[in-house]
Structure formats: C-alpha cells, structure tokens
Amino acid sequence: MLQNIRERFTGRFALAILLLLTVPFAFFGIPHDFTSGGYAAKVNDVEISIGQLQNAYQQALARYAQSGADIPPELHGVIRDAVLNNIIRETLVNLHLADAGYRITDQMITDFIRQVPIFQKDGEFSTDLYYAWLDQQMLAAPQFEESRRQAMRAEQFQRGIAATAFVTPAEYRRYLNLYGEQRRAAIATFDTQAVAEGIEIEDAKVAGYYEAHPEEFQAPESVDLAYIEIDRRDLGQDVEISDEELQAYYEQVKSRYLQDEQRKAHHILVAVGDDEEAARQEAAALAERARAGEPFEDLARQYSDDTGTAEQGGDLGAVLKSQMPGPLGDTIFSMQEGEIAGPVRSDFGFHIVRLDDVIPGGPLPLEQVRPELERELRDEKTADEYRALERKLSDALFDAQDLQAMADAAGLEVQTASGFTRAGGEPFGNNQAAIDAVFNPMVLEQGRISEIVELDANRTAVFKVREHQPAAVRPLEEVRDRIVAQLRTERAEEIVRQRAAELQAKLAEGADFAEAAKAAGAEVSASTMLRRQDESVDPRVLETIFRAPKPADAEHPSLGEAVTEGGDYAVYRVAEVQPGRPEAIPLAERDARKLQLAAESGRADFTALLLELEREADIVRAENPLGTQPAF
C-alpha cells in the first residue's frame, strides 16, 4: 500500500501537486477567514483559524479537480498538511516583515490590480471585470487588496534575498560539467500492462481478495435530500435601477468624485537651438498670425516642434494644473476661452497657446460614474432582497410542517440532490456548513428540517433528508472488474520484477545486452549517448541513469533498474561517462544556466531563512483541525 502511494505521488503528479500548492499563493496570497471558531495553528500567539485553513484547503482541492489530477484518498491528509504549512510560513514571513518595517503603498496595490490581464478589456482596466471577479471569488475588495499587499511584500522580500545570492567560479564550472555530462546507455523496458493482459485471475482469488479487503469496497454513507437555497448572485440578475433612483443616489455620493478644474488647449512649440532670440521672434510671429485668423491647427502641424502633438494640430487635451507646472501652466490657467497667448518660455522652448474650453472643478458627471453607481445600487438592492428572503424563510421555519410549505411562504422553490456524503457532493461540493447541517443527528435521524445555514457570503440554504443510505460494502459483482485489474497488475509487477532481476544477473555475468533483453521479453533501445535534457527517454529512467555510479572501465559497466512514469520496469546499462565541457555549451545557454543556478541558490537561501524563522517561532498545531473525513 505504502509503495503504491509513493509511486502515485512522484513524477509529473508530484510536480502538479507542488505547482498547484505554491503558484496561487505567489499570485494572490492566501485568503484569510477569521470567522470560524477554534484555530488550526498558532504562530507566536497569532491564530490561524480553522476557517482560514478550510478555505485554502478547499481551493487547493478545487485546483486539483480543474487540473484533472486524480488524487488518491490517502493523500488528502498530505495535501491538507502542506496547505497548513504554507499558511504557517506565510504568517511567519508577514510577522518578520512587519517587525522589519516593510511597506507596500496603496499606489503599488492599485498599479498591480490595473495591470492584471483578467481585469482588462481592450487593454484598459475595467472596474466591472474587477468587481465581477471578486464576486465570483466571494471576496470583498479590501480583503483581496490586503491579501495582495501581504503577498507583494513577501515577494519583494524573497526577491531581495535572491538578488544577494551568488555562485563562485568553481561552483559554476562544476555545475556546467554536470549539466553537460553525457552517458552512453542501453535500456530494456518491460511492458507491465502487456504482461497483465495475458494473466488469468481465478474466481476464487477474486472472492478471497474481496473478503480480505472489505474496507476498499465501502460505499460511503449518503443521503438524498431536498433543499431551499437563496443565492445572492441569482437575485442580482433581475434587479433594475431607474434613472430617478440613480440620480438620487448620485446626489448623495457625488462628493466622492470631486475633481479639480481642467482646461483644454492647443499649443505650438518653437524649440530653442543655438539662437534663443531667433526662436522667440519666430514664436512671436506665429502668435500674430494665429491672432490674425490663420487656422491654429494648420500652423501647429506645419511649425510646431512638439512631435507628440503636432499631427493633432497641437491638441494638449484636458489638463489639470498639477499636470502642467511652471509658466506654461500658469498661462493656460489664467486665460479666457478663445484667447491666444504667447510666446511663453518653458524648459522646452517658446509656446503659443490657445485656450479652448474650461471644465469647472466639482464632481464628475453622472454619466462618467454611472456603471460604478449602478453596480453599487444593484448590490444594495440585492442585499436588501437577500435579507428579506432570509427573514421570510426564517419566519416560515417556525410555522411550516414541510419544506414545500416553507418554499411557498417565501416564494422560493424546493430543489433536490442525490448521493450527498459526509465528504460532500453536488451541488454544494465539500462545503462544510452544508455537510454539518445535513448530517446533524436531528436532520439525519429524526427527519427534521435543518436550521437556516449560511453556506458562504452569497448563499443560504435549509435542508431536509429524503432518504438515508448507511455505509455498506459494495456487492462483489459491482467491484469484480476493479479487483481483477488490481490482481492482474500486482501479478504483472511481480513477473516483470523477476524478469528484470534475472536480466541484471545475466548482464552482470557478461551476456550481450540486446540478446539477453530480447530473450527476457523486453523492448530494447540501442546503446546511445544521453544528456540530462534528453526528452526521448522516460524522465524517471533518465534521472536514475544519471545517478548511477560511473563504470569502473569498459569491461565493468554500471547496471540498474527503474520504474517508469507509466509503471513499466526498465533495466539499463551505463557503459561510458563523458564529463561536460563548459566551452562546448553555447555562451547564451551558459549564461542562462548561471542565472538559473543563482536563482536556485537564492531560493535555497530563502528556504533556509524560513526554516530559521520556524525554528525560532513558537508554533502550535491543532490536532486534526479539519476532522477525519476525506475531502471528496
């Protein structure tokens, strides 16, 4: 059993596990939830709540499900512990950074959010997309922004440590020697599945295995249930906002959108070269021509030295006083509409300016802030309707004798679900609040209607069990094929292990590799020079080959075996090892490897710091904080 677990938790599956655990934390931080009672761990008296662990654990499992990873139940505890360790380390880093005075400004948070691709539409930040994403993740903006602040602070800290890492010339050369090393190897592979297909399993062995391992065929306890659910997101789709409501709300909150006076202007720039007086005279002449009635835009296109605005006829757009300090700004903000002024001296040369429009200071126009206000009003109305439905449901709970009467009283509908277990099920996933409500003894055993349960920030539900199916061992006929496949695989592995051992023994006696491998029923790949980066060889086999001892001489090659990522057995022979020559590696690749080595050194330094912080911290872990139930 343990061997099977180990093999299923290596290779690409293990890599996927690690990536899914670490990448999301690096991008968005770990969402914090301090609403649930009790704690999963304490770090220097700072509590990590059970709710915080539960949220992060469920998100990790959701990422596995999205990736298509098939997680054996025995690994759920491993994943949960890894998630808790990540939260503990994040907490340690945050405490350390707070003590050290690290800060992330509001502007840095704003800049980050505006640059996230999923929050952009046509290359521009979209407030609607941002808030839609927050709604989907069931996060409030301050909560997300604080988690991002902590994550950015930790990322800066980690990059700072990595930037101080260095690699000595001797380490670098040794690394290149190993990186460029080549090994001449022949490989014989035994196809476990092909062997398994030819194995017959007697009925008696199937029955014996079934009787000896009843725990493997346990159908979990489950229920069929009826429920009423209120989903805030569904309510929001039907909310309408009238123009009168929007105008009234705008009048209440328009002070939030105050802006300074803006002015729209055009200008012509005459750059100062070696002769400042000549430039001033040219600018004065252009000003007179403009005042005499020549089209200002045509003069700008022909004579302006400001290449950024000349093609637009010198259009500066709408500017604030703060955007244009100095004499030019002073002039623009002292002119009358339609007036032409200049020449005005600036660091860039002489300007002729025409003021086109004055946009008074004050609140932004309603149309400019309409989408944001509509969203706020819709959220407010939805929240009111959500609370009203909760009250109706609560009132109906006192009087109604059945779920349908409650639904009728609240204007809702009764829905059903089947096969819901203590690990969860559709449509509530592994929501612990739903599981606790459904398997409450009064609901499960006495047939009562549950209390009204808040599933999350957007959903409330009430449950009634329709039918209860206790845990039971599945019938033999239902699991026969699974047992046969298991016994075939186990027998095939025994056979190929024995064949691999016999092949190694013959090769050790000096037998020809290709002939002996074919005689043993293996598929042979010819002896060839391999590099560590070779993609034509199974990664596990390649890794084992490069870990094998160097052959003493041509007459005494290194022999060994490995299990492939697909579960086959491979026997290899390493006949020759050629050290890598750094000068044979292209310069660009050598430079890339040096950066990679330095980055790995930096990560090692950061890991060492984390271990030191853990060693010095007072860490208390609760015993089995999420209970004994598996996640799925």
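This report walks through a predicted model, from its overall form to its nonpolar cores, one helix and one loop residue.

**Overall form**

The protein has 632 residues, and 40% of them count as buried. Its secondary structure comes to 23 helices and 21 strands. The radius of gyration is 36 Å, whereas a compact globule of 632 residues would have one near 26 Å. Among contacts with a separation of 6 or more, 73% join residues 24 or more positions apart. A few whole-protein values are gathered here.

| Property | Value |
|---|---|
| Span of the C-alpha trace along the principal axes | about 105 × 85 × 50 Å |
| Exposed area of the protein | about 34,900 Å² |
| Share of the exposed area from carbon and sulfur atoms | 49% |

**Nonpolar cores**

In soluble globular proteins, nonpolar side chains tend to be buried together. Here the largest nonpolar core holds 28 residues, and Phe190, Ile483 and Leu503 touch the most other members. Two or more residues each come from β5 (182-190), α9 (192-197), α10 (203-212), α20 (476-508), α21 (513-519) and β20 (569-578). With ten residues, α20 gives the most to this core. A good place to look is Leu503: leaving out residues up to four places away in sequence, Leu503 touches Ala188, Phe190, Ala516, Ala517 and Val571. There is also a second, separate core of 18 residues, with Val223, Ala434, Ala437 and Phe439 among them.

**Helix α17**

Helix α17 spans residues 403-410, and its residues Leu403, Met406, Ala407 and Ala410 are buried. These four lie on the same side of α17 because they cover an arc of only 100° around the axis. An α-helix has 3.6 residues a turn, so residues three or four places apart point the same way. The buried residues of α17 pack against β7 (222-231), α16 (366-399) and β16 (459-469). Asp408 and Ala409, on the other side of α17, are exposed.

Both ends of this helix deserve a look too. At its start, a side-chain oxygen of Asp402 comes to within 3.0 Å of the backbone nitrogen of Gln404. After α17 comes Gly411, with a positive phi near 75°.

**A loop residue**

Finally, turn to Thr309, in the loop between α14 (296-303) and β10 (315-320). Is Thr309 buried or exposed? Thr309 counts as buried because its relative accessibility is 11%, and the cut-off for buried is under 20%. Beyond its neighbours within four places in sequence, Thr309 is in contact with His267, Gly314, Asp315 and Leu316.

How values were computed: Residues numbered from 1 in each chain as written. Predicted model: local features only at pLDDT ≥ 70, side-chain atom pairs only at ≥ 80, totals over all residues. Heavy atoms only, no water. Buried < 20%, exposed > 50% of the residue type's maximum accessible area, 1.4 Å probe, protein only. Contact = heavy atoms within 4.5 Å. Arc of directions from axis to C-beta. Polar contact = N/O pair within 3.5 Å; in protein donor to acceptor, adjacent residues only side chain to side chain. Rg over C-alpha atoms; globule rule 2.2 N^0.38 Å. Areas by Shrake-Rupley, 256 points an atom, 1.4 Å probe, with all protein chains shown as cover. Core = buried A, V, L, I, M, F, W, Y, C linked by side-chain atoms within 4.5 Å.
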